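Please walk me through this structure, beginning with its pocket and then moving to its charged pairs and its surface.

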Amino acid sequence: MAKIERYAAKGVWDPPTYSQGVKVSGAQTILYIAGQVAYDAGGKPAHPGDFKAQARAVFQAVKGQVEAGGGTVDHILKVNTY
């Protein structure tokens, strides 16, 4: 199983709120997931005007993609949000 650990080089400040670097060792699969959008079952935008519900739907989609690829949310290394 892959080991995921945060790290920072000696002499480089290691802030507690984010990782300067992430080291993955023993990885056999790396999954890159494209942008996710809150869609309903028919492919139309879900939850119009409700940002909180849209965000929940997007993160549920990300979770579903990761799990379908054989991982868990603990295996997520980075998420970009716009």
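In sorting the residues that line a pocket, Ala, Val, Leu, Ile, Met, Phe, Trp, Tyr, Cys and Pro are counted as nonpolar, Asp, Glu, Lys and Arg as charged, and the others, with Gly among them, as polar. The model considered here is a predicted one, and on that footing the lining of its largest pocket divides into 24 nonpolar residues, 12 polar residues and one charged residue. The volume of this largest pocket comes to about 1300 Å³. Its lining is made up of 37 residues, and those that lie nearest the centre of the pocket are Leu31, Ile33, Val66, Ile76 and Lys78. Because Lys is counted as charged whereas Leu, Ile and Val are counted as nonpolar, Lys78 is the one charged residue of the lining. The element that gives the most to the lining of the largest pocket is helix H1, residues 51-68, with seven residues.

Helix H1 also leads to the charged pairs. Side chains of opposite charge can pair when their charged atoms come close. A search of the whole structure finds two salt bridges. In one of them Lys63 is joined to Glu67, with the closest N and O atoms 3.0 Å apart, and both residues lie in helix H1, four residues apart, which is about one turn of the helix. Lys63 has a relative accessible area of 31% and is therefore partly exposed, while Glu67, at 40% relative accessibility, likewise counts as partly exposed. The other salt bridge is formed by Arg6 and Asp14, whose closest N and O atoms are 3.1 Å apart. Arg6 is partly exposed, since its relative accessible area is 41%, and Asp14 counts as partly exposed at 37% relative accessibility.

On the surface, Ile4, Val22, Val24 and Leu77 form a nonpolar patch, and together these residues have about 290 Å² of accessible area. Why can Ile4 be called partly exposed? Its relative accessible area is 32%, and the partly exposed class covers what falls between under 20%, which means buried, and over 50%, which means exposed. Ile4 belongs to strand S1, which spans residues 3-7.

A last point concerns the backbone at His47, where phi is positive, at about 55°, although the residue is not a glycine. His47 is placed in the loop between strand S2 (21-25) and H1, and with a relative accessible area of 38% it is partly exposed.

Note on methods. Residues numbered from 1 in each chain as written. Predicted model: local features only at pLDDT ≥ 70, side-chain atom pairs only at ≥ 80, totals over all residues. Heavy atoms only, no water. Patch = residues over 30% accessible without salt bridge, like charges linked within 9 Å, V, L, I, M, F, W, Y side chains within 5 Å. Areas by Shrake-Rupley, 256 points an atom, 1.4 Å probe, with all protein chains shown as cover. Salt bridge = Lys/Arg side-chain N within 4 Å of Asp/Glu carboxyl O. Helix = DSSP H or I, 4+ residues; strand = E, 2+ residues; numbered from the N terminus. Buried < 20%, exposed > 50% of the residue type's maximum accessible area, 1.4 Å probe, protein only. 1 Å grid on protein atoms, 1.4 Å probe; cavity = no way out; pocket = protein on both sides within 12 Å on 5 of 7 lines; lining within 4 Å. Points joined across faces, edges and corners; volume = space filled by probe spheres on them.
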